[in-house]
Amino acid sequence: MDIVVVTTVIASLFFVIGAAEPLAARLRLPYSVILAMLGVLIGAGAIFFLRTDLTDALNPVAEAILGLPIRSNVFLYVFLPTLLFQATLGMNLRRMLDDWVPILMLAVVAVVIATLSVGYALYWVSALPLAACLLIGAIVSTTDPSAVVSIFRSISAPRRLARIIEGESLLNDAAAIAIFGLFMGFVMLGVPDPSLRDALARFPVLIAGGAFTGWLSARIAVWVMALFSRHELAQLSISISLPYLAYIGAEQSVGASGVIAVVVAGLTLNLTGPGRLSPQTWKNLRELWGMLAHWAGALIFILAALLIPRLLEEVRAADVALVGVVILAAIVARAIILFGLLPLLTLLRVSPAIEPRYRVAILWGGLRGAVTLALALAVTESFRVPAETKRLVGILATGFTLFTLFVQGTTLRSMIGWLGLDRLSPIDEALSRQVVAVALQTVREDVATTTENYDLSRDIVRSEAKDFGARLDVAVKDAEESADILDRDRVTLGLIALAGHERDSILVRVRERTISAGMAEQVLSDADRLIEGARTGGRSGYQRAARRSVAYGRAFRAADLLHRRLGLSAPLARLTADRFELLLSQRLILRDLGTFIDGRIRRIHGRRVAELLRELLSRRIEAVETALEGLRLQYPGYAEELERRFIRRTALRLEEREYAAMREDGLIGAEVYTALIRGLQARRAAAEERPGLDIALQRTELVRQFPVFAELDDAALKRLGRALQTRYVNAGDLVIRKDVAARSVFFIASGAVELESAGQTWRLGRGEMFGQMAILMNKPRRAEVRAIAPSTLLVLDEARFRRLLDRSAALQEAVRASAEKRGIPSSTLSPDNGDGPGTSPT
């Protein structure tokens, strides 16, 4: 085939891709639908011109189009890894992990239900063997969420909903292709009715082998990319090789799922890349993959659509009925997931509550696309699959895909409008009127200042001011008519705006490099949780998200357990250093939010709402300061090192800005500017390195902070420091239960706890102790103790506490003072056995 003709055809396809996006926007149709339409038209046109007697002038072009090397391997080995890898890089992985239960359940269970539903429906009405029917079910169970997700984003649907749909679709494709591989093997081996045991026996090998291959490939790639830190193009080139090598390695060498390998490789790079690559390199890498995925997604749709006329050449009347069976079974399977499994997950509190309207939109938006056609093409190309099975697979998969694209896809936006999802809620409508009024008042003031500065014509100014004033009067009148928004709703809207501004401030700090790229994703995830918490739960939801942002997570507690039980300190050191940096970043951002509240929030929502938001902000700042103080006590000097690092990075940013200004003003030339920036980048690389943290608690200094231990000498302090165990608790965690035998005494290094006994409560803070009364009175604990803030506790066992009490007069005095505070006569306490009457032992 002439290379000029082939190049012309490929270049023309890129022109079609470029024209399809504005055409889709103009026609208000999903982008994938337009691509599929254009692909079908091009393919049908090529067949027509090749077979018609009207003219032979276009035969070379038609032959080039039909002769393109469109094989299933092209889709599976070239385009599919690109799409999957980019999807994982574009995810907010930390936020996705928050919803891993509904995502995993929806993905895996949805594929299984769709495969079984379609497979058995076909088995009952056709002459195909069960293995072939289940193969078709696996092929049509893949979904393309791009249309419904893009519409949801345009109508401001809950972000968590869109995120769950995206995550479900990614894992849905991976699971569907893995199941497809299983049943494809059964069909090629001639196994008509495979047993469930046979299928399940191979499935874990496919998943585990693919996951390990992807993880190992990504770790090696990240290590090599870190070695080439000064060569950005080399790093980007290595990232290009990663998904393809992982896919081929898993498929050809390990015999596992290449799709799973690509997904895990992308997730691993997403998790580790920001901390190992420079912010600019990571940004460029994601932009590069975004462009590659855009081209790959468009080409795979067009090229797959070119095959549709050929796949439907042998269609019969009976085949249309079977297509109807596939459509009905697939819709029923999707409905079972959306209206059966999702409400169940919501009741179990592992999935957000999704309105029925949104579920209907997701049901109708379950489009199929290029992956379905590519899998069908792989079946039709196999010489080991029976001819009739190949024919029906091609027709049924293609017919079902056409229905979802040209029926569901073209009516999806109308369905959204019919469901009322494209209209603002009454609260948002009222708020928008008030925002317009406030904005126009600000604009009027700024325009008046501008006209004075430029000494514009008075007549023109008066004319424009009159028109603008009329518009402002209308806006103010509309705002007054909608002034009946409840204070509760105003607080919710104010919190959403505050969290959104916090997120914007974080992005600014990341661009300025005062917040490191490695920490940016976690801080942004916390801000996203605040936004979603405020949207779904109002003030209480916002406060829950705020408490979570300073709490000790599961990973931190697991790392602490590894450190205490197995002596593995590296995970705890890394997470503790992360916590230090996270809290410092939060403090930096929170202190800038007060101006936003006093300015924008007060003007739109009023003084009362602004004061309430100020109070909530003060509590957040206090919680962050408390958590920071606890870390400072345990690791003195480390917070100061991080603050020095922040100052150095800020100075470098300002220095870079000055060089850029001088370059723009012509004070320095390009050569001088390049040399200055090169030197600055070397200093920045050194400033980006986070100081190391010695996880071994400096217990002597920490223990010395307690007044009750002040009289101990250095040797005794060191022995006590080795004996004390550290325990981290979050607000609301139960530290001591009632009616449990006393075995330990707790000293509060940071945070605060609340004791409750017989209807009375006491609050204890830093430097105080609890748990000693029950030991000294030799009785079960009568009090319940809960943390009321993220706290660090030092725990001492009973035997060591008794020995220490015998030697320390200060500790004896503290025990007596604590007993008197709770109404327990100090004369009843004994350091030896504690026998005697008393009340409320703790």
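Leaving aside its neighbours within four places in sequence, which residues is arginine 391 in contact with? Contact here means heavy atoms within 4.5 Å, and on that basis the partners of arginine 391 are Glu314, Arg316 and Asp319. We will come back to arginine 391 after a look at the whole chain.

What you have on screen is a predicted model, in which local features need pLDDT of at least 70, side-chain atom pairs count only at pLDDT 80 or more, and totals for chains, interfaces and linings use all residues. Residues are numbered from 1 along each chain as its sequence is written, and side-chain values use heavy atoms, with hydrogens and water left out.

The protein chain holds 33 helices and eight strands. These elements are DSSP runs numbered from the N terminus, with helices (H or I) of at least four residues and strands (E) of at least two. Of the 842 residues in the protein chain, 50% are buried; buried means under 20% relative accessible area, exposed means over 50%, and partly exposed lies in between (1.4 Å probe, protein chains only). Among contacts in the protein chain with a separation of 6 or more, 79% are accounted for by residues 24 or more positions apart. The accessible surface comes to about 40,000 Å², and 58% of this belongs to carbon and sulfur atoms. Such areas come from the Shrake-Rupley method with a 1.4 Å probe, and for residues only the protein chains shown count as cover.

Now back to arginine 391, which you will find in helix H18 (residues 387–419). Is arginine 391 buried or exposed? Its relative accessibility is 9%, so arginine 391 counts as buried. Tyrosine 358 sits in helix H16 (residues 356–364). Tyrosine 358 also counts as buried because its relative accessibility is 9%. Between the C-alpha atoms of tyrosine 358 and isoleucine 416 there are 8.7 Å, although the two are 58 residues apart along the chain.

Next, consider how helices pack. Two packed helices are described by the angle between their axes and the distance between the axes. The axes are lines fitted to C-alpha atoms, for helices over the stretch in contact, and angles run from 0 to 180 degrees between N-to-C directions. Helix H11 (residues 232–254) and helix H12 (residues 258–276) have axes that come within 8 Å and cross at roughly 145°. The crossing of H11 and H12 is right-handed, meaning that the near helix is turned clockwise from the far one by less than a right angle (anticlockwise would be left-handed). On the H11 side the contact residues are Leu242, Pro243, Ala246, Tyr247, Ala250 and Glu251, and these meet Gly258, Val259, Ala261, Val262, Ala265 and Leu269 in H12. By class, this contact of H11 with H12 has ten nonpolar, one polar and one charged residues. For these classes, Ala, Val, Leu, Ile, Met, Phe, Trp, Tyr, Cys and Pro count as nonpolar, Asp, Glu, Lys and Arg as charged, and the others, Gly among them, as polar.

Further along, the axes of helix H21 (residues 487–512) and helix H24 (residues 570–590) come within 10 Å and cross at roughly 115°. H21 passes H24 in a right-handed crossing as well. From H21, Glu502, Ser505, Ile506 and Arg509 take part, and from H24, Leu588, Ile589 and Leu590. Four nonpolar, one polar and two charged residues make up the contact of H21 with H24.

Let us turn to the strands, where two strands pair if DSSP finds at least two bridges between them. One open sheet has four strands in the order E2-E7-E4-E5, with antiparallel pairing. Strand E2 (734–736) and E5 are at the edges with a single partner strand each, so one side of each has no neighbour in the sheet. On average, neighbouring strands of this sheet are turned by 30° against each other, direction ignored. Strand E4 (residues 752–757) pairs with strand E5 (residues 760–765) over six bridges, and glutamate 754 has arginine 763 as its bridge partner in E5. Their hairpin has two residues between the strands, and there alanine 758 takes a positive phi near 50°. E4 is also joined by four bridges to strand E7 (residues 784–787), where leucine 755 is partnered by valine 785 and glutamate 756 by glutamate 784.

Another open sheet of four strands follows the order E1-E8-E3-E6, again antiparallel. Its edge strands are strand E1 (725–729) and strand E6 (769–770). Strand E3 (residues 744–750) and E6 are linked by two bridges, and phenylalanine 746 stands opposite phenylalanine 770 in E6. Helix H32 (residues 798–807) packs on this sheet, touching E3 and strand E8 (791–797), and the direction of H32 makes about 80° with that of E8.
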